[in-house]
Amino acid sequence: MNAERGKTRFQIDLRRYLREQSIDRDLIRLICEISDASKYIINSIRTGDLGVAGTSNLYGEKQLALDVLSDRIIQKRLKFSGVVANIVSEETPEIISVSEPSNRRYSVLFDPLDGSSLVDVNLAVGTIVSIYEGESVLQAGRNQVAALYILYGPRTTMVLSFGSGVHEFAMNQLMDYDLVTENLTMAGPARVYSPGGMRSRYSSGTEKFIQYIENTGAKLRYSGGFVPDINQVLIKRGGLFMYPHLTDSPQGKLRTLFELNPMAYLIEQAGGAASTGRQPILDVVPQAIDDRAPIFIGSKAEVAMAEKFIAEHG
Ligand code: AFP
C-alpha cells in the first residue's frame, strides 16, 4: 500500500501494519512495547520536572530529571516485553542483562530523550532506538534488524524501518500510532542543510563542503535536536545533516550506538547515505559503548560531495 502523506486507504494502526508485513512476532511485541513507552514519555515531557537529576550519564554529562525518567520508562517496557537479552541506554553507564524470564531474542540500544536540554525552550525532542538480533551490543550498525525514532513535536510521530523501507506513523487522539506514509524515500537534492558544531572548528575539507552546499541554495535549518533535524531531511525528501570532525574533537559529538547507527539505518533504507566523512557509518565496528563519530547524513549526492572534499582537504 502506498499511502499518500497524511491520507491512508483506511486507518491502519502500528500493530496491524506490522502483522501485515509478517515480521517476527517477537519483534512486533518489542516495537509495540516501545510505542507504548512513548505515551508515558509524552506525559512526562508535558508535566514533568525540567530540573537536573543530580546524576551523570554514560558520557559524564549532567542528566535532567526527564532523561532519567524517560530511561526508566523504556527500560521497564523492554524488560516487560520478554524478548530482550541486553539493554544499553545512553543514560545508563553499563550493559544491562535482562534476567527476567526472557527468550533473549534481541538487544536494544537507545537514547531515551535525545535533545532533552531543548525541552525547557519548548523545542522538539525525540527517542532513538536501535535493535539487533542476539546478545552482542558492539555490532556494526549494518547488522541492525530494525531502528526507529519517535519525534515529540507539534505532532507525535514514529519513523520506523525493519529492513523493508521506511514508514511514518502519527499518534492519534487515542495515543495509538496510525500509518501516515509508507516507503518514505530521499528522492531529490538537498533542500535543507543542518550544520552542527562550531564552524570555526571545521577542518579545511568541511569548510569547503559547507561553502559548496551554501551555494546550492539549500536552506539552513538547525534546531539543535538530532531527531527533528533528521526528520526534516527525511520528510522533505532531501537534505543534509552534519556534525563533523572538529579541530578540537576529531570524533565529533554524536554517539555511534545510540544516535548514528539507528539514523544511518533509517536514512539508507530511505535511499539516502550516512558517512563519517571517510566511510559509511553502518560499516563502523564500535569498540566501546560510548564511541562517537563524525556524521554527514542525508541525500546521497551531498554525502558523496562531503566525502570528496574531506578526501582532498582533510
Ligand atoms: P543533548 O541531548 O545533550 O541536548 O544534545 C543533543 C545532541 O546530542 C543532538 O540531538 C544534536 O544534534 C546535538 O547534540 C546538538 O549539539 P550542539 O548543541 O553542539 O549543536
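L148 stands opposite L160 in β8, and that pair is a handy way into this protein. What you're looking at is a predicted model, with 7 helices and 15 strands. Let's start with the strands, then zoom in on one residue, and finish with the whole thing.

**The sheet**

- The two leucines belong to a bigger pairing: strand β7 (residues 146-152) and strand β8 (residues 156-161) run antiparallel, joined by 6 bridges.
- Both strands sit in an open sheet of 8 strands, and its pairing is mixed. Trace the order across the sheet and you get β4-β3-β5-β6-β7-β8-β9-β10.
- At the edges you'll find β4 (96-97) and β10, each of which pairs on one side only.

**The β9-β10 hairpin**

- Strand β9 (residues 167-171) pairs with β10 in the antiparallel sense, over 4 bridges.
- To spot one match-up, look for A170, whose bridge partner in β10 is D178.
- The hairpin has 5 residues between its strands, and M175 takes a positive phi near 65 degrees there.
- Now check out β10 itself (residues 177-181): 5 of its 5 residues are buried, so the strand is largely enclosed by the rest of the structure. Keep in mind that β10 is also an edge strand of the sheet.

**Zooming in on I213**

- You'll find I213 in helix α4 (residues 204-214).
- I213 is buried, because its relative accessible area is 0% and the cut-off for buried is under 20%.
- Who does I213 touch? Skip the neighbours within four places in sequence, and its contacts are Y193, A218, L240 and E302.
- V192 is 21 residues away from I213 along the chain, and their C-alpha atoms are separated by 9.4 Å.

**The whole protein**

- The protein has a radius of gyration of 19 Å, which agrees with the value near 20 Å for a compact globule, given its 314 residues.
- Picture a box of roughly 55 × 45 × 35 Å along the principal axes: that's what the C-alpha atoms fill.
- Of the 314 residues, 58% count as buried.
- Take the contacts with a separation of 6 or more: 63% of them are between residues 24 or more positions apart.

**Surface and charge**

- The accessible surface comes to about 12900 Å², and carbon and sulfur atoms account for 49% of that.
- There are 33 positive and 36 negative charges, and the mean positions of the two sets are 5 Å apart.

How values were computed. Residues are numbered from 1 along each chain as its sequence is written. This is a predicted model: local features need pLDDT of at least 70, side-chain atom pairs count only at pLDDT 80 or more; totals for chains, interfaces and linings use all residues. Side-chain values use heavy atoms; hydrogens and water are left out. The radius of gyration is taken over C-alpha atoms; the globule rule is 2.2 Å times the number of residues to the power 0.38. Buried means under 20% relative accessible area, exposed over 50%, partly exposed in between (1.4 Å probe, protein chains only). Contact means heavy atoms within 4.5 Å. Accessible areas come from the Shrake-Rupley method with a 1.4 Å probe; for residues, only the protein chains shown count as cover. Lys and Arg count as positive and Asp and Glu as negative; His and the chain ends are not counted. The place of a charge is taken as NZ of Lys, CZ of Arg, CG of Asp or CD of Glu. Two strands pair if DSSP finds at least two bridges between them.
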